[in-house]
Amino acid sequence: MTEASDIGGVEKFAPKGFFLSHRGKVREANEDSILCDKIYSKDDCSESLAFDFSDKNQWVIALADGMGGAAAGEVASRKTVQTLQTCRDCTSTGIAEALCGINQELYQAVADDEKLRGMGSTVSGICHGPDGYVAFNVGDSRIYRQQDQFLSQISKDDTAEQILIDAGKSDPGGIRGKGLNQLTQALGGGGEYRDIEPNIFPITIKRQSRLLLCSDGLTDMVDLDALEAIMSQEKDNNIAINKLFDAAMQKGGRDNISIIILELCDLSK
């Protein structure tokens, strides 16, 4: 389990915002799933929907990007968010254990049904529990935090490109080159069973914060500068999420596009 923390302060905040998930222009079906209190998949949220968790002390918000083709990707992403929905230990340890359990579950599903071979999913999410806020990801679904007019990525990609970035041989923020989207780990997805090391980021919130969660259907189409421009110009979360979606579609919409804009609002006022 990898850990990082870069936001500090008090915790009197609750999430609200908007989410959507769309098949894009090219794919025949949407294999992504979103957990935002309820589970949304396929065309359940192809238009932006609002959420507000001001009445909840424990919650998980996540998006899962399924892979494997045909119905397999949809099965994997839905299994991922179903397990996270039932997680009762929303701590760093609890979320890490849940993700490792999902990985085992997906490999077992493939062992039970050869037609699902190669089935897997990436995931990114935020949860709140007894120890505060925890961000997490496996694969290349991302989490960004907006600070003033800038976006900073607080998740870590499990990709070939990230290896080059860590070695100082590539710069973050651009559109990935050919072959650099190869995953170094995911939930399931391999021919033989592989353990995973989830990326876990305990965070606390110093003041009202805005977070962007998204699948690579957005970030493979729209670079960081363009994401920043939209998020900084549009304070209305509904307008912002639709402009992000439109930008990905205008660039070709080659993959399923899932986006969550999450605003943590101060409940003490």
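Gln146 sits opposite Arg210 of strand β13, and that pairing is a good place to start looking around this predicted model. The two strands involved here are β9, residues 142–147, and β13; they run antiparallel and are joined by five bridges.

What about the surroundings of β13: is the strand buried or exposed? Six of its six residues, 209–214, are buried, so the strand is largely enclosed by the rest of the structure. You can check this face by face. On one side you'll find Ser209, Leu211 and Leu213, and on the other Arg210, Leu212 and Cys214, all of them buried. So Arg210, the residue across from Gln146, belongs to a covered face as well, because both sides of β13 are covered and six of six residues in the strand are buried.

Now for the helices. Two pairs are worth a look, and here is how their axes are arranged.

| Helix pair | Residues | Axes come within | Crossing angle |
|---|---|---|---|
| α1 and α2 | 72–85 and 92–112 | 10 Å | roughly 145 degrees |
| α5 and α6 | 224–233 and 237–250 | 9 Å | roughly 155 degrees |

Take α1 and α2 to begin with. α1 passes α2 in a right-handed crossing. On the α1 side, the contact is made by Ala76, Lys79, Thr80, Thr83 and Leu84, while α2 brings Ile95, Ala98, Leu99, Ile102, Glu105, Leu106 and Ala109. Sort the residues of this contact by class and you get eight nonpolar, two polar and two charged.

Next come α5 and α6. Which way do they run relative to each other, parallel or antiparallel? Their axes cross at roughly 155 degrees, and the two helices are therefore roughly antiparallel. The crossing of α5 past α6 is right-handed. Leu227, Ile230 and Met231 of α5 meet Ala240, Lys243, Leu244 and Ala247 of α6. The class count for this contact is six nonpolar residues, one charged and no polar.

Finally, step back to the whole protein chain. How many helices and strands does it have? There are six helices and 14 strands. The chain has 269 residues, and 54% of them count as buried. There's also a figure for how far apart in the sequence the touching residues are: among contacts with a separation of 6 or more, 75% come from residues 24 or more positions apart.

Definitions and conventions
Residues numbered from 1 in each chain as written. Predicted model: local features only at pLDDT ≥ 70, side-chain atom pairs only at ≥ 80, totals over all residues. Heavy atoms only, no water. Buried < 20%, exposed > 50% of the residue type's maximum accessible area, 1.4 Å probe, protein only. Helix = DSSP H or I, 4+ residues; strand = E, 2+ residues; numbered from the N terminus. Pairing = 2+ DSSP bridges. Axes fitted to C-alpha atoms, helices over the stretch in contact; angles between N-to-C directions. Left-handed = near helix turned anticlockwise from the far one by under 90°. Contact = heavy atoms within 4.5 Å. Nonpolar A, V, L, I, M, F, W, Y, C, P; charged D, E, K, R; others polar. Parallel < 35°, antiparallel > 145°, perpendicular 65-115°, else oblique.
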